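Please look through the model below with two topics in mind, its aromatic rings and its sheet.

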Amino acid sequence: MGFKFMRMAAITVLLLEAFTAQAKPLVLSSLKPLTLIAQEVAGVNADADTLLPASASHHDYPLKVSDYTRLQKADVFLWVGPELESFLQRPIANLPSTKIITAYELAGIQWPANTSLVGEDDHGHQAKDPHLWLDPRNAVVVAQAVADHLIQIDVANAKQYRVNLQAFAAKMQQLDIKLQVSLKPVSAVGFAVYHEGFAHFVSRYGLHQLDYVAFTPEQKPGAKHMHQLRERLAKEGKCLFLEPYNNMQSTRDLAQELQLRVGTLDALGTQGATSYTQLLEQMAAAFSACLANGRN
């Protein structure tokens, strides 16, 4: 009798532990940078994971059956919005609206004051650059939304989520000041990026972007645009930035032709960023390394 009781008690403990593990809220994000932000709020009380593989295009990606299952199981789904991830509109259409955070629509998001470039109308620019996570002030807005959702579904840990949010906000304020100081010496150096996705970072830190090669990674630049790009870079360009997840040999050839330094910008944190702070620090370091060597 005693043995059976002890066995049942042990089984009960195991079941309770399993239930507790399963009951941990899950914040599923479309992209790694959003997951890095969510992790700051989730701490040890909730899980944060990414829907898309690190190498996947955030403009277009064919979801697998397992991806749909993960979407259904998530307690919170965080994405930028259709302006960046239009392919996700249909997959999340049947999810409860209460568990979806659309970062693009959050009140308080800071938008670059003026990111217009020559030829904008010819290339179908959107009014707002959706790569909003590249401004640390926006990261705090996103974190606030994540905290609000977690507090509603996990009341027992509400206090800790608030503490985590406050700590992250303070850390972002310090990071913002640090990046402003470190990037100021190279703010006047002209450069171009591979695709038009860095306006939030460029605008926040007053950098001198001359142009882009392609509006999106999937879009092939036209002859007129490439002619204008060459003219601008030949006149005052010092650096051309590539990205680690796109094949850009033609862009490397352009840099060699114009004798420009080449740098790499990783907006998605695929090159080992394990925190949101590290993601932005790596980007600032990439800008500084290329532009500092390009100063007159």
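Rings of Phe, Tyr and Trp, the last taken by its six-membered ring, form a pair if their centres lie within 6.5 Å, and a pair is called stacked when the planes are under 30 degrees apart, edge-to-face when they are over 60 degrees apart, and tilted otherwise. In this structure, which is a predicted model, ring pairs link F191, F201, Y205, F241 and F287 into a cluster.

By this rule the count of aromatic pairs comes to 7. One of them joins F201 and Y205, whose ring centres lie 4.9 Å apart and whose planes make an angle of 55 degrees, a tilted arrangement. Are these two residues of the cluster buried or exposed? F201 has a relative accessibility of 0% and therefore counts as buried, and Y205, at 7%, counts as buried because the limit for that class is under 20%.

The sheet is the second topic. Its 4 strands form an open sheet in the order β2-β1-β3-β4, with parallel pairing. Because β2 (47–50) and β4 (100–102) stand at the edges with a single partner strand each, one side of each is left without a neighbour in the sheet. From one strand to the next, the twist averages 20 degrees.

Within the sheet, strand β1 (residues 26–29) runs parallel to strand β3 (residues 76–79), and 3 bridges join the two; here V27 stands opposite V76 in β3. Strands of a sheet pair through backbone hydrogen bonds, whether parallel or antiparallel. Helix α2 (residues 32–42) lies across β1, β2 and β3, and runs at about 175 degrees to β2.

Conventions:
Residues are numbered from 1 along each chain as its sequence is written. This is a predicted model: local features need pLDDT of at least 70, side-chain atom pairs count only at pLDDT 80 or more; totals for chains, interfaces and linings use all residues. Side-chain values use heavy atoms; hydrogens and water are left out. Buried means under 20% relative accessible area, exposed over 50%, partly exposed in between (1.4 Å probe, protein chains only). Two strands pair if DSSP finds at least two bridges between them. Axes are lines fitted to C-alpha atoms, for helices over the stretch in contact, and angles run from 0 to 180 degrees between N-to-C directions. Contact means heavy atoms within 4.5 Å.
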